[in-house]
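Trainee: I would like to learn how to read packing and burial in a model. Can we work through one together?

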Amino acid sequence: DSSPERRRRGLQLLEQGWIRAWLVGTGRVWPPTELDHLLLALDLTPEAKLEELLRLLDSSLPRPGMAVNPTSILFGTLPQGEIAARTLRISGTGRGHLHGVIVLERYGEGITLDSFKIEGLTTEVEVRLHTLGLLPGRYRNRLWLRTNAGEREVEVLYVVQEREEERAWWERYLR
């Protein structure tokens with residue numbers, strides 16, 4: 001982890017199985033159960049596995065940092081049936097490889113993400129708001145960023161406004 005070249009070489013050795021063989025063969029990791037769980041994790045990229053391996057070997061190793069921009073997403077007021085999008089940028093700061101997931105607090109309120117994975121130096125996620133089918137009113141939801149740098153909350157705020165032509169149609173219909 002001391003240089004980009006050594007990190008690349010470490011990734012090669014990790015993927016080829018040599019690091020596991022060396023750690024277990026020399027007794028540096030025994031029993032190998034925790035190491036094997038890490039190496040067999042299907043939801044981690046090789047870079048994330050290397051980062052977690054380094055932390056397994058040295059728990060005092062500083063964790064990566066995380067910067068989030070914006071810290072809250074304000075869509076403003078949108079009429080029913082509109083679509084809007086904002087970009088959320090998550091950046092790794094400091095040493096190490098940032099990785100994790102994004103969890104939406106409540107589903108079914110018009111918010112979709114183009115990705116739920118946080119990986120590497122910079123991750124950009126498009127947060128879309130579809131107001132079709134939402135009742136008029138104020139909405140508040142949250143995105144939880146759960147990473148090896150810790151957890152962050154990004155608040156999502158918006159107001160859905162009834163379309164004038166729809167209101168006029170319903171008023172005529174209900175008469």
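Trainee: At what angle do helix H1 and helix H4 pack, and how far apart are their axes?

Mentor: Bear in mind that this is a predicted model. Helix H1 (residues 4–16) packs against helix H4 (residues 46–57) at an angle of about 95 degrees, and their axes are 10 Å apart. Angles of 65 to 115 degrees count as roughly perpendicular, so H1 is roughly perpendicular to H4.

Trainee: Which residues of H1 and H4 meet?

Mentor: From H1 come Arg7, Leu11, Leu14 and Glu15; from H4 come Pro46, Glu47, Lys49, Leu50, Glu51, Leu53 and Leu54. By class, the residues of this contact are six nonpolar and five charged, with no polar ones.

Trainee: Now burial. Which residues of helix H2 are buried, and how are they arranged around its axis?

Mentor: Buried means under 20% relative accessible area. In H2 (residues 18–25), Ile19, Leu23 and Val24 are buried. Viewed down the axis of H2, the buried residues fall within an arc of 120 degrees, so they line one face of the helix. On the face turned away from that buried side are the exposed residues Trp18 and Gly25.

Trainee: What covers the buried residues of H2?

Mentor: The cover includes H1, helix H3 (33–39) and H4. After H2 comes glycine 27, with a positive phi near 80 degrees.

Trainee: What about a loop residue: is threonine 45 buried or exposed?

Mentor: Threonine 45 lies in the loop between H3 and H4. Its relative accessibility is 18%, so threonine 45 counts as buried. Leaving aside neighbours within four places in sequence, threonine 45 is in contact with His97, Lys117 and Glu119.

Trainee: Which residues of the largest nonpolar core touch the most other members?

Mentor: A nonpolar core joins buried residues of certain types through side-chain atoms within 4.5 Å. The largest one here has 25 residues, and Phe75, Ile90, Leu143, Leu145 and Tyr158 touch the most other members. Among the elements giving two or more residues to this core are strand E2 (72–79), strand E3 (83–93), strand E8 (137–147) and strand E9 (150–161). E9 gives the most, with four residues. Another core lies apart from this one; it has eleven residues, including Leu11, Val24, Leu39 and Leu50.

Trainee: What does tyrosine 158 touch?

Mentor: Not counting residues up to four places away in sequence, tyrosine 158 touches Phe75, Gly76, Glu109, Ile111, Leu129, Leu134, Gly137, Arg138 and Tyr139.

Technical notes
Residues numbered from 1 in each chain as written. Predicted model: local features only at pLDDT ≥ 70, side-chain atom pairs only at ≥ 80, totals over all residues. Heavy atoms only, no water. Buried < 20%, exposed > 50% of the residue type's maximum accessible area, 1.4 Å probe, protein only. Contact = heavy atoms within 4.5 Å. Axes fitted to C-alpha atoms, helices over the stretch in contact; angles between N-to-C directions. Parallel < 35°, antiparallel > 145°, perpendicular 65-115°, else oblique. Nonpolar A, V, L, I, M, F, W, Y, C, P; charged D, E, K, R; others polar. Arc of directions from axis to C-beta.
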